[in-house]
Amino acid sequence: MPETGPIATQASAPLTDGALLRLVGERRPEALGALYDRHAPQLLALARRILSGAGEAEDAVQDAFLYVWNHAARYDPSRSSVSTWLVLLTRSRAIDRLRHRQVVDRVHESAHRDAPAEGHASPEGIESVFIRERRERVRRELDNLPPEQRQVLEMAFYQGLTQTEIAARADLPLGTVKTRTLLAMKKLRSALRTEIRQLL
């Protein structure tokens with residue numbers, strides 16, 4: 001993806017949400033980053049209230065912004081403001097995650113209750129094989145990402161850096177780091193759909 005410069009403003013005034021969303025529709029990643037910076041704190045707070053966990057809340061917000069990136073044209077200004085639309089998208093994705101978590105918990109409880117007391121195979125051995133296979137698959141898909149997207153994910157996952165720290169270390173705008181992360185995660189989720197279902 002070609003790099004783009006900072007978003008132009010008129011008379012030093014920040015662009016409106018609607019203007020940013022139109023730029024997102026033109027595939028301007030810096031506009032998505034600006035929209036994220038503006039609304040993420042409120043959306044994260046909402047998702048945390050629903051999910052009671054920071055990790056899943058961040059995933060729900062990322063899911064919402066991935067939807068915005070892919071479907072910006074579906075926003076209807078006659079029905080709601082951009083901020084309200086983002087709230088509705090985030091709330092929907094957080095509730096979906098909550099429902100999925102509850103279903104998974106019930107399945108796990110049922111499986112644990114119905115499992116035989118003894119088995120002939122070592123669960124730890126089988127699990128370790130699956131973990132190694134999944135790790136290798138994830139590594140291959142990381143290698144297939146564009147270098148700039150792979151860089152931000154590796155810095156986050158393997159070095160434990162926050163997006164702000166990645167931006168400082170890589171000398172990139174924070175919005176660019178966030179956009180690259182969103183796009184990379186979208187590609188990984190698509191490529192690893194089967195593995196994700198198995199993990200869940």
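Begin by selecting Gln 151, Val 152, Met 155 and Ala 156 in helix α6, which meet Ile 166, Arg 169 and Ala 170 in helix α7, where contact means heavy atoms within 4.5 Å. The residues of this contact divide into 5 nonpolar, 1 polar and 1 charged, counting Ala, Val, Leu, Ile, Met, Phe, Trp, Tyr, Cys and Pro as nonpolar, Asp, Glu, Lys and Arg as charged, and the others, Gly among them, as polar. The model on screen is predicted, so that local features need pLDDT of at least 70 and side-chain atom pairs count only at pLDDT 80 or more, while totals for chains, interfaces and linings use all residues. Residues are numbered from 1 along each chain as its sequence is written, and side-chain values use heavy atoms, with hydrogens and water left out.

Now show α6 (residues 147-157) and α7 (residues 163-170) whole, as helices here are DSSP runs of H or I with at least four residues, numbered from the N terminus. Their axes come within 10 Å and cross at roughly 125°, the axes being lines fitted to C-alpha atoms over the stretch in contact, with angles from 0 to 180 degrees between N-to-C directions. The two helices are therefore oblique to each other, a word for whatever is left once angles under 35 degrees count as roughly parallel, over 145 as roughly antiparallel and 65 to 115 as roughly perpendicular.

Keep α6 and add helix α8 (residues 174-191), where the axes come within 8 Å and cross at roughly 95°, so that α6 and α8 are roughly perpendicular to each other. Among the residues making this contact are Phe 157 of α6 and Leu 188 of α8, and by class it has 8 nonpolar, 3 polar and 3 charged residues.

Next, move to helix α2 (residues 29-51), whose end C-alpha atoms are only 28 Å apart although it has 23 residues, short of the 33 Å that a straight helix would reach at 1.5 Å a residue. Select His 39 to find a kink of about 55° in α2, shortly before the proline Pro 41. Just after α2, Ser 52 takes a positive phi of about 55°.

Finally, add helix α3 (residues 54-71), whose axis comes within 8 Å of that of α2 and crosses at roughly 140°, which makes α2 and α3 oblique to each other. Residues to select here include Leu 43 and Leu 44 in α2 and Phe 65 and Trp 69 in α3, and the contact divides into 15 nonpolar, no polar and 3 charged residues.

Note on methods:
Expected span 1.5 Å × (residues − 1). Bend = angle between axes of the 7 residues up to and from the residue.
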